[in-house]
Amino acid sequence: MIGQDKKRMEFIFVTTHELKPSLTAIIASVELLSDELQLDKKSVSGRLIQSIIRNAHSIDERLSRFSEMETLLAGDLRLQLEPVEIGQAIHNVTTRFYPRIRSRSQSLTVELPNSLPLVKVDRQYLEEILLALVANASKFTPERDGIKVSARQDGESLVVQVSDSGMGILAEEQERIFQPYYQVNRDGEGKKADSGLGLAITKSLVELRGGKIWLKSIVGQGSTFAFSLPIA
């Protein structure tokens, strides 16, 4: 990263560190206020407070993504490697994400063979990779449509796929989807990725363990994000 891009990243990182403490204080205060008032969540005031809490946490998550990207670019990320069963990691992620899937009346299918080899990875970051891809698939899958997560062995690698049934991505945009700040329009309503950094971070985390990540998409038929990791 050179020139203007580098300066922009440095500015964002400094701003992120300055905003984090204030945002944490706001979240803590409004959550305490919610507990103190004991408002009915269906009332106007209750809905407004819940909206503040939800959006504050959303901003906090985006700021955390910027911090993660800073660590990755600096080469300071410390991985705690251990043999991990991919099926268990997928189960942990889908269980965490199920409430959002259910709230959107979507279905989530997991397809795994009877046995798969272990991968030697940092469990936390593997689950972050899976969570980012499942969240991305859910975001662009229409209500009452389905998402599929599958895994298979391919030679000395383990390949995981997350497929959505959204509108797909144009061929000319697919090559740029993993670039920081690149936001792709994936439906007719102008819906875009939250920060443009989610998939860039995901790609960096996969490549840290010698893996690869790629996309297959057909406009009108959905998209499949896949990544590979070396077998332990």
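Is E127 buried or exposed? At 12% relative accessibility, E127 counts as buried, because the cut-off for buried is under 20% relative accessible area. This report starts from that residue and works outward. The model described here is predicted.

## Overall layout

The protein chain has 232 residues, and buried residues make up 38% of them. Its secondary structure consists of six helices and seven strands. Along the sequence, these elements follow the pattern α-α-β-α-β-β-α-β-β-α-α-β-β.

## Helix α4

E127 lies in helix α4, which runs over residues 123–139. With 17 residues at 1.5 Å a residue, helix α4 should span 24 Å, and its end C-alpha atoms are indeed 24 Å apart, so the two values agree.

The helix is mostly covered, with 12 of its 17 residues buried. Among the buried residues of α4 are Y125, L126, I129, L130 and L133. The list also includes polar or charged members, namely E127, N136 and S138.

At the start of α4, D122 makes a contact with the backbone: one of its side-chain oxygens comes to within 3.0 Å of the backbone nitrogen of Q124.

## Helix α3 and its link to α4

Which residue meets E127 in a salt bridge? The partner is R96, and the N to O distance is 3.9 Å. This pair joins distant parts of the chain, since E127 is in helix α4 and R96 is in helix α3, 31 residues apart. R96 has 51% relative accessibility and therefore counts as exposed, whereas E127, at 12%, counts as buried.

Helix α3 covers residues 86–103. Its 18 residues should span 26 Å at 1.5 Å a residue, which agrees with the 26 Å between its end C-alpha atoms. Helix α3 nevertheless has a bend of about 50 degrees at F97, and a proline, P99, follows within four residues. F97 is also one of the buried residues of α3. Others in that group include I86, I90, V93 and I101.

## Salt bridges

Side chains of opposite charge can pair when their charged atoms come close. The structure holds seven salt bridges. The table gives three of them.

| Salt bridge | N to O distance |
|---|---|
| E127 and R96 | 3.9 Å |
| E143 and R144 | 3.8 Å |
| K203 and E207 | 2.7 Å |

Where do K203 and E207 lie? Both are in helix α6 (residues 198–208), four residues apart, about one turn of the helix. An α-helix has 3.6 residues a turn, so residues three or four places apart point the same way. K203 is partly exposed at 27% relative accessibility, and E207 is partly exposed at 40%.

In the bridge between E143 and R144, E143 is partly exposed, with a relative accessible area of 43%. R144 has a relative accessible area of 64% and so counts as exposed.

## Two residues with positive phi

Most residues other than glycine have a negative phi. R144 has a positive phi of about 70 degrees although it is not a glycine. R144 sits in the loop between α4 and β4 (146–154).

S105 is another non-glycine residue with a positive phi, in this case about 55 degrees. Its place is the loop between α3 and β2 (107–111). With a relative accessibility of 39%, S105 counts as partly exposed.

## Surface patch and strand β4

Which residues form a nonpolar patch on the surface? The patch is made of L33, L37 and L39, which together have about 240 Å² of accessible area. L37 belongs to helix α1 (residues 3–37), and at 43% relative accessibility L37 counts as partly exposed.

K148 is found in strand β4. Its relative accessibility is 34%, so K148 counts as partly exposed. K148 and D164 are 16 residues apart in sequence, and their C-alpha atoms are 6.8 Å apart in space.

How values were computed. Residues are numbered from 1 along each chain as its sequence is written. This is a predicted model: local features need pLDDT of at least 70, side-chain atom pairs count only at pLDDT 80 or more; totals for chains, interfaces and linings use all residues. Side-chain values use heavy atoms; hydrogens and water are left out. The expected span of a helix is 1.5 Å times one less than its number of residues. Buried means under 20% relative accessible area, exposed over 50%, partly exposed in between (1.4 Å probe, protein chains only). A polar contact is a pair of N or O atoms within 3.5 Å; within protein, one must be able to donate a hydrogen and the other to accept it, and residues adjacent in sequence count only if both atoms are side-chain atoms. Patches are made of residues with over 30% relative accessible area and no salt bridge: like charges are joined within 9 Å, nonpolar side chains (Val, Leu, Ile, Met, Phe, Trp, Tyr) within 5 Å. Accessible areas come from the Shrake-Rupley method with a 1.4 Å probe; for residues, only the protein chains shown count as cover. A salt bridge is a side-chain nitrogen of Lys or Arg within 4 Å of a carboxyl oxygen of Asp or Glu. The bend at a residue is the angle between axes fitted to the seven residues ending there and the seven starting there.
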